[in-house]
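Subject: The structure we talked about

Hi,

Here is the structure I promised to pass on. Have a look at it first, and then read on for what I found.

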Amino acid sequence: MFRRFAAPLASFGLSGILGALTLAACASPTPRPAAQPVSQRPDPAPPLDSQWPPPLHSAGSNAASNAPQVESKKATAPRREAASELPKRELMFEGFAFTEFVYGAESFDPTLPLVIVFHGRGDQPRAPGGPFRQVHRPLRILMPRAPDAFSKGYAWLPVHVRSSEQALLTRSLAAMVDDLAFALKRYLAAYPCSGRPVVTGFSQGGLLTFALALHHAELFSAALPLAGWLPEGLVPEVGAPLSRFPPIRAMHGARDERIPVEATRALVAKLRGKGLSVDFVEFPEAGHAMDAAMNELFRQWLEEALLSLGRDAEAS
């Protein structure tokens, strides 16, 4: 887990220290760590990421016919965005807005598997279509929303991957991942699922997927980063047991100009050298987007991850 740095105690004075100790003694267990401030808002200059997952009503995605039922005290009631839309509920955990959908069922059943999907830079949560619509089993899909408004959507990080401010990128990604992991733990305690969730994301969401799988491995059963990468400073030292890390299956377009594939190749080689299970597939004609062949492979990987999760649940 990444470390945050507290202000020196001397700056508080004796009364401040005693007050802080009193508050700490009375506080509830497992308080949320203080967020590490980011020095600037998202840089508006770089182009937006491609939209992924594709919207439910995009070409080839027909609306599902599920009917919402369950209401939660901490969330809006499951509802439809439009006629014949997916069941949907909105939640807030530790300052993060989560949107949750259900495929193939009519309620937010805790026995369903869960897939956590992180959007890219300038995108936002929406009813997911494309490969999610083709999965042949009921599931819940949780889509966290990035905290900072950016263009017509939101951004997770204040700078883009190819920015010269790599120290800021690394620091802000580390803080964001810790805060997200804390929020996800609270969410899973309140809204359990079958086994551990699968995590995935595109572009900035791919960076989050890599980082969460490597630094908060206990939370996930599998990780599927798409067009993602990690800065050198966030590649962890890996110790035994290696089995605590989820299997990672990544894909990337060889013509990606926003997150060059060479950097992801190098990351995969380092992780494999540390003994981790990492599959990596390049698509020679793809750029910084998910084409039809990539979406089909993603669907296959997701099906396999959910099948493995189901077997583990039956064995237990």
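Let me start with a pair of helices: helix 2 and helix 3 cross in the right-handed sense. The residues that make this contact are L173, M176, V177, L180 and A181 on the helix 2 side, and L207, L208, A211 and L212 on the helix 3 side. By type, the contact of helix 2 with helix 3 holds 9 nonpolar residues, with no polar and no charged ones. Please keep in mind that this is a predicted model.

As for the geometry, helix 2 covers residues 166-190 and helix 3 covers residues 204-215; they pack at an angle of about 70 degrees, and their axes lie 10 Å apart. Angles of 65 to 115 degrees count as roughly perpendicular, so helix 2 and helix 3 are roughly perpendicular to each other.

Now to the sheet. It is open and built from 8 strands in the order 1-2-4-3-7-8-9-10, with mixed pairing. Strand 1 (88-93) and strand 10 (278-283) are at the edges; each has a single partner strand, so one side of each has no neighbour in the sheet. From one strand to the next, the twist averages 20 degrees.

Two of the pairings are worth a look while you have the model open. Strand 1 pairs with strand 2 (residues 96-103) in the antiparallel sense, over 6 bridges, and E90 stands opposite T99 of strand 2. Strand 7 and strand 8, in turn, pair in the parallel sense over 5 bridges, with V198 opposite A222 of strand 8.

Both helices from above also pack on the sheet. Helix 2 touches strand 1, strand 2, strand 3 (114-118) and strand 4 (139-144), and its direction makes about 50 degrees with that of strand 2. Helix 3 touches strand 3, strand 7 (198-202), strand 8 (222-226) and strand 9 (248-253), and its direction makes about 150 degrees with that of strand 7.

How many residues of strand 8 are buried? The count is 5 of 5, so to speak of strand 8 as mostly covered is fair by the cut-off of under 20% relative accessible area. Both of its faces are covered: A222, L224 and L226 are buried on one side, and A223 and P225 on the other.

One last residue: K270 sits in helix 4 (residues 261-273). With 36% relative accessibility, K270 counts as partly exposed. Its C-alpha is 9.9 Å from that of P236, although K270 and P236 are 34 residues apart in sequence.

Best wishes

Terms used
Residues numbered from 1 in each chain as written. Predicted model: local features only at pLDDT ≥ 70, side-chain atom pairs only at ≥ 80, totals over all residues. Heavy atoms only, no water. Axes fitted to C-alpha atoms, helices over the stretch in contact; angles between N-to-C directions. Helix = DSSP H or I, 4+ residues; strand = E, 2+ residues; numbered from the N terminus. Parallel < 35°, antiparallel > 145°, perpendicular 65-115°, else oblique. Left-handed = near helix turned anticlockwise from the far one by under 90°. Contact = heavy atoms within 4.5 Å. Nonpolar A, V, L, I, M, F, W, Y, C, P; charged D, E, K, R; others polar. Buried < 20%, exposed > 50% of the residue type's maximum accessible area, 1.4 Å probe, protein only. Pairing = 2+ DSSP bridges.
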